Amino acid sequence: MIDFETALTLNYISIGELVFRIILAMAFGLILGIDRDAKNKPIDFRAFVLVSVTTCLVMVLTQELHLSLAAEGNSLSALDYAKVIAGVLTGIGFLGAGAIIHKSDDRVIGTATGASIWAAGGMGMAIGFGFYMIALAAFIAIASTLILGGLCMKVFQGKDDKEKLG
């Protein structure tokens with residue numbers, strides 16, 4: 001039988017903190033995704049939100065699991081934060097690679113989108129661990145790169161950062 005009191009209890013953070021982390025990860029992921037979506041890039045805004053929120057949740061889960069094991073007196077050697085982080089980033093890298101497309105005219109597109117979906121995952125992990133300043137700094141750097149980089153492409157290369165549909 002399920003013990004709902006135990007199942008609904010958090011050991012590391014409060015419910016309010018959990019909700020804040022999820023909403024912050026959603027907001028940051030959404031803003032990055034909207035930039036990519038507005039430019040008709042291969043990965044739309046929903047994927048950015050999902051990646052950011054999911055990585056946030058994986059990190060919160062990792063912290064909660066760590067403390068649950070410690071409270072039960074279990075060995076913590078089975079829980080290695082570095083392995084969790086590496087696994088998450090590898091999985092997101094696979095998703096990002098799917099955004100990169102080699103066109104018939106020898107152009108490669110989607111590299112910034114692939115990198116930015118991976119960056120959204122890193123940002124979500126920082127939020128999940130509660131490192132808000134790191135996440136904010138990463139968000140500012142990522143968003144600035146996407147927005148200002150698109151403007152620079154237009155000014156210096158004469159290329160529109162927006163993909164053509166069809």
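Begin with the whole chain in view and consider its contacts: among those between residues at least 6 apart in sequence, 68% join residues at least 24 apart. What you have open is a predicted model, and its C-alpha atoms fill a box of roughly 60 × 30 × 30 Å along the principal axes. Of the 166 residues in the protein, 34% are buried.

Next, colour the chain by secondary structure, and you will find six helices and two strands, which follow one another from the N terminus in the order α-α-α-α-β-β-α-α. If you then colour by confidence, the average pLDDT is 84, and 94% of the residues score at least 70. Helix α1 (residues 4-7) has the lowest confidence, with a mean of 69, whereas helix α2 (residues 15-38) has the highest, at 92. Where pLDDT is low, the predicted coordinates should not be read in detail.

**The core**

Now select Phe28, Leu32, Ile117, Met123 and Ile127, which touch the most other members of the largest nonpolar core, a group of 27 residues. Five helices, namely α2, α3 (45-71), α4 (81-97), α5 (111-129) and α6 (132-157), each supply at least two residues of this core. In soluble globular proteins, nonpolar side chains tend to be buried together.

Which residues does isoleucine 117 touch, not counting those up to four places away in sequence? Show the surroundings of isoleucine 117 and you should find Ile43, Ala47, Phe48, Val51, Ile92, Leu95 and Gly96.

**Helix α4**

Ile92 and Gly96 lead on to helix α4, where they are buried together with Val88. These buried residues cover an arc of only 80 degrees around the axis, so they lie on the same side of α4. An α-helix has 3.6 residues a turn, so residues three or four places apart point the same way. Turn the helix around to see its other side, where Ala82, Lys83, Thr90 and Phe94 are exposed. Among the elements that cover the buried residues of α4 are α3 and α5. You can also check the length of this helix: at 1.5 Å a residue, its 17 residues should span 24 Å, and the distance between its end C-alpha atoms, 24 Å, agrees with that.

**Two stops on helix α2**

Go back to helix α2 and select leucine 18. Is leucine 18 buried or exposed? Its relative accessibility is 19%, and because buried means under 20%, leucine 18 counts as buried. Leaving aside neighbours within four places in sequence, leucine 18 is in contact with Leu10, Ile13, Leu57 and Val60. Then draw a line from leucine 18 to glycine 128: the two residues are 110 apart in sequence, yet their C-alpha atoms are 8.4 Å apart in space.

Further along, aspartate 35 also has its place in helix α2, and with a relative accessible area of 11% this residue is buried. When neighbours within four places in sequence are left aside, the contacts of aspartate 35 are with Leu146 and Ile147.

**The cysteines**

As a last stop, select cysteine 56 and then cysteine 152, and compare how each is placed. Cysteine 56 is buried, with a relative accessible area of 0%, whereas cysteine 152, at 37% relative accessibility, counts as partly exposed. How many disulfides are there? With a disulfide taken as a pair of cysteine sulfur atoms within 2.5 Å, the count comes to zero.

How values were computed
Residues numbered from 1 in each chain as written. Heavy atoms only, no water. pLDDT = per-residue confidence, 0-100. Helix = DSSP H or I, 4+ residues; strand = E, 2+ residues; numbered from the N terminus. Core = buried A, V, L, I, M, F, W, Y, C linked by side-chain atoms within 4.5 Å. Buried < 20%, exposed > 50% of the residue type's maximum accessible area, 1.4 Å probe, protein only. Contact = heavy atoms within 4.5 Å. Expected span 1.5 Å × (residues − 1). Arc of directions from axis to C-beta.
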